[in-house]
2 protein chains.
Amino acid sequence: MTTKLSRQQFETELKAIGASQYHNNHPYHHRMHKGHCSIDEIRAWALNRFCYQRIIPTKDALIMARLDDVEDRREWRQRVVDHDGEIADHPEGGLRRWLALTRQLGFDKSYVTSMKGALPATQFAANAYLTFVQERSVLEAVASSLTELFSPSIIVERVQGMLNSYDFITEESLTYFSYRKSQANRDSNWALEYIDRHAGTREDQELCLNALRFKCSILWAMLDALASAYHLGGTIPPEAWNPEIKSDALRDNVSE
Amino acid sequence: MTTKLSRQQFETELKAIGASQYHNNHPYHHRMHKGHCSIDEIRAWALNRFCYQRIIPTKDALIMARLDDVEDRREWRQRVVDHDGEIADHPEGGLRRWLALTRQLGFDKSYVTSMKGALPATQFAANAYLTFVQERSVLEAVASSLTELFSPSIIVERVQGMLNSYDFITEESLTYFSYRKSQANRDSNWALEYIDRHAGTREDQELCLNALRFKCSILWAMLDALASAYHLGGTIPPEAWNPEIKSDALRDNVSE
């Protein structure tokens with residue numbers, strides 16, 4: 001058996017994966033935050049990303065169901081609250097904030113939530129995340145959430161870049177991200193603590209590293225699909241949103 | 001309730017989906033059979049397509065497990081035999097024939113079967129098919145196989161085009177397809193019969209039509225991913241096969 005990595009070595013390995021494979025390295029992200037994307041490319045991004053947003057509370061509920069310890073479950077439950085909103089007095093959550101963004105970009109809520117305009121590739125990638133947290137060990141499921149180690153910095157780039165470059169984006173429509181930044185810090189610290197505690201062998205640590213690679217590949221594949229369909233001249237698959245074709249997807253009073 | 005479609009109307013609808021959404025309409029297929037793809041694009045296609053080939057017997061076993069009738073199960077079992085080979089005296093099946101093709105293209109078998117060089121998007125799409133046949137009704141699972149109605153014609157185009165255009169492809173390496181043509185005809189006739197018999201309402205028929213659309217979107221997404229990574233100048237995701245980078249994926253003695 002190979003020697004177990006020290007906590008510091010393990011975290012260095014995790015961060016090295018983020019440094020090379022996290023989607024802040026993707027050309028589509030660079031184009032977004034530098035203001036090189038057209039409004040339709042930003043629209044396509046927000047429309048497609050909903051497929052990912054929507055599965056987050058579901059995957060968190062699935063992970064919660066697999067955590068044996070009540071403290072762990074309570075901790076993890078906060079993630080569902082963050083996305084679905086509080087039960088009673090403050091019915092605001094990440095999903096609603098995301099829909100506020102797609103609304104400002106001109107999409108009808110029902111069109112976004114139906115996902116009929118999303119690229120099939122986006123749905124396949126997002127759903128692969130659901131399958132992963134069901135089929136793999138709970139350790140791997142928790143480790144796959146560690147992309148949040150890297151999300152605060154991509155969020156800063158995204159928000160600053162989009163506010164600077166696009167008149168059609170306002171601070172208000174980006175509240176999703178202002179919440180996520182602190183949530184992601186809290187969550188990734190906890191998850192890191194969890195996997196440090198539960199990865200008992202080098203083999204466990206390797207499973208965690210692979211889980212993080214897998215998760216990076218999902219986020220990456222979603223940007224690949226957007227780039228292909230809306231920037232590089234690849235096909236827009238049959239039935240996916242096509243900005244060239246007049247449809248009822250966009251409200252009429254949208255100003256560009 | 002909307003009126004149920006006659007058998008003929010139903011089949012017309014199914015065929016209309018194939019006519020517009022089957023992957024014989026995809027530019028990557030056109031480029032392949034016209035000989036416009038480079039050898040590396042053909043390699044990437046065969047390497048990635050293995051991810052789809054490998055799940056076929058698994059998804060067929062899953063469907064078989066859900067068929068209540070022994071006759072139906074026996075019928076469906078033939079599909080597993082076609083891909084995995086006979087148990088005893090003739091250990092040849094579709095999977096081996098596919099690996100003969102990737103071998104002729106220069107890939108080591110272990111590299112192909114490890115799938116470490118495949119695009120994550122391909123794996124997400126192929127695995128979405130597995131999830132579909134587990135989560136949806138058996139009627140929808142059977143209906144999703146109906147892309148085989150359209151496969152004999154794409155196979156003819158592919159085989160003729162590739163033999164005409166590429167010296168590195170021989171008839172022998174394409175035996176996978178010569179077998180598939182007759183198998184697909186037999187299977188799709190049976191599946192069509194099955195869904196005609198079991199789709200009792202218009203709603204059932206709509207579920208079948210959507211299952212076929214879903215399946216077309218999987219095949220389409222796989223070609224989108226190839227086009228993006230290997231033709232349109234999109235990214236080759238981290239760790240996926242990159243023809244520009246010398247690796248141990250290709251055997252040394254491959255002639256171009």
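**Exercise 1. State how many residues each chain gives to the contact between chains A and B, and describe the side of chain A.**

Solution. Two residues are in contact if their C-beta atoms, placed from the backbone, lie within 7 Å. On this criterion chain A gives 24 residues and chain B gives 24 residues. Next, assign elements: helices are DSSP runs of H or I with at least four residues, numbered from the N terminus. On chain A, helix 1 (7–21), helix 7 (120–135) and helix 11 (202–230) each supply at least two residues of the side that touches chain B.

The model is predicted; local features need pLDDT of at least 70, side-chain atom pairs count only at pLDDT 80 or more, and totals for chains, interfaces and linings use all residues. Residues are numbered from 1 along each chain as its sequence is written, and chains are lettered from A in the order in which they are written.

**Exercise 2. Compare the expected span of helix 7 of chain A with its end C-alpha distance, and find what covers its buried residues.**

Solution. The expected span is 1.5 Å times one less than the number of residues. For the 16 residues of this helix that gives 22 Å, and the end C-alpha atoms are 22 Å apart, so the two agree. A residue is buried if 20 or more other C-beta atoms lie within 10 Å of its own, exposed if 12 or fewer, and partly exposed in between. Buried residues of helix 7 of chain A include Phe124(A), Tyr129(A) and Val133(A). Their cover includes helix 3 (39–66), helix 8 (138–143) and helix 11 of chain A, together with helix 7 (120–135) and helix 11 (202–230) of chain B.

**Exercise 3. Classify Leu5(B) by its C-beta neighbours.**

Solution. Leu5(B) lies in the segment before helix 1 (7–21) of chain B. Because Leu5(B) has 17 C-beta neighbours inside 10 Å, it counts as partly exposed.
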